[in-house]
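Got your viewer open? Load the model and get ready to pick out some residues.

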Amino acid sequence: MNTPQQLNLFGDDIKVIDNFLDKKLFQHVQNIAYCRDVKWIPQSTNPEAERNFIMFDFAAVFEKEKWVLEKYKEIFYLIFDEIQKNLDQECYPGRVYFNRQAATVDGMLHLDDGDYTALLYISDYEKEYGGFTQLWISDQEQKYILPIPNRILIFNSLILHKGFGFSHLTDPRRISLAYKIHKKK
C-alpha cells in the first residue's frame with residue numbers, strides 16, 4: 001500500500017511528502033508527462049540573469065487562467081486538492097507546468113512568483129542520478145531534496161532554490177510537475 005509519509009525535517013516553510021499520490025493516480029500523471037499532448041518549449045530559469053542559458057524544457061498545463069492540457073484538468077485539480085491539504089490556508093494555483101531537465105544541466109538559483117511552490121517529482125530515479133533540488137536557506141544552511149518519484153516538495157516561494165540535472169550524460173531527463181500557488185486574500 002502506498003501511504004503518504006510526511007517528512008517533517010525542515011519546519012513549516014518546507015514540507016517533503018513521500019508517496020504523495022495514490023499509485024494509480026501517480027502512474028497516470030507519469031503517462032501524461034510522457035504523452036504527445038505535452039508540448040515542450042526550451043526555457044531558462046532566469047532570463048534576466050547575466051549567465052542566461054537554456055536550462056530545461058517547459059510544458060504548460062495551466063497558465064494565464066487557462067488550461068493548456070484541458071482534457072487532463074480534473075487530474076491536475078485532484079493533485080492541487082491534495083496539495084491544499086498540506087497548506088495552512090486556502091490557496092489557488094497560479095501556474096502549473098512540467099519541467100524537464102537534460103542530464104548534466106543544472107538550473108540557476110531563483111525565487112518563484114506566488115506564495116508557495118510545490119514540486120512533484122515524476123521521472124524514475126536511481127541513487128547514482130543525483131538531480132536534487134537545492135533550497136538556499138542562508139549562506140550557512142542549504143537543504144537538498146532528492147527527486148524520488150511521487151515525492152512532493154512544498155516550500156515558501158521566497159526561498160532561493162534551484163534544480164540540478166541528473167549527473168551522467170546517459171541518465172534520463174529529470175521531470176517534475178510544478179505548481180505556483182497563491183494564498184486567497
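We'll walk along one helix and then visit some aromatic rings.

Keep in mind that this is a predicted model. Start by selecting residues 23–33, which make up helix H1. Just before you move along it, click on Asp 22: this residue caps the N-terminal end of H1, with a side-chain oxygen 3.1 Å from the backbone nitrogen of Lys 24.

Now show the side chains of Leu 25, Phe 26, Val 29, Gln 30, Ile 32 and Ala 33, which are buried. Turn the view until you look down the axis of H1: the buried residues fall within an arc of 160 degrees, so they line one face of the helix. What covers them? Among the elements over the buried residues of H1 are H2, E6, E7 and E12. Swing round to the other side of H1 and you'll meet Lys 23 and Lys 24, both exposed.

Next come the rings. The model has 11 aromatic pairs. Select Phe 76 and Phe 98 for an edge-to-face pair, 6.1 Å centre to centre with 75 degrees between the planes. Phe 76 sits in helix H2 and Phe 98 in strand E6, so this pair ties together parts 22 residues apart in sequence. Both Phe 76 and Phe 98 are buried.

Then jump to Tyr 125 and Phe 166, a tilted pair at 6.0 Å centre to centre and 55 degrees between the planes. Tyr 125 is in the loop between strands E7 and E8, and Phe 166 is in the loop between E11 and E12, so the pair ties together parts 41 residues apart in sequence. Tyr 125 and Phe 166 are buried too.

For a last stop, select Trp 40, Phe 62, Trp 67, Phe 76, Tyr 77 and Phe 98: ring pairs link them into a cluster.

Terms used
Residues are numbered from 1 along each chain as its sequence is written. This is a predicted model: local features need pLDDT of at least 70, side-chain atom pairs count only at pLDDT 80 or more; totals for chains, interfaces and linings use all residues. Side-chain values use heavy atoms; hydrogens and water are left out. Rings of Phe, Tyr and Trp (its six-membered ring) pair if their centres lie within 6.5 Å; planes under 30 degrees apart count as stacked, over 60 as edge-to-face and the rest as tilted. Helices (H or I, at least four residues) and strands (E, at least two) are DSSP runs, numbered from the N terminus. Buried means under 20% relative accessible area, exposed over 50%, partly exposed in between (1.4 Å probe, protein chains only). The arc is that of the directions from the helix axis to the C-beta atoms. Contact means heavy atoms within 4.5 Å. A polar contact is a pair of N or O atoms within 3.5 Å; within protein, one must be able to donate a hydrogen and the other to accept it, and residues adjacent in sequence count only if both atoms are side-chain atoms.
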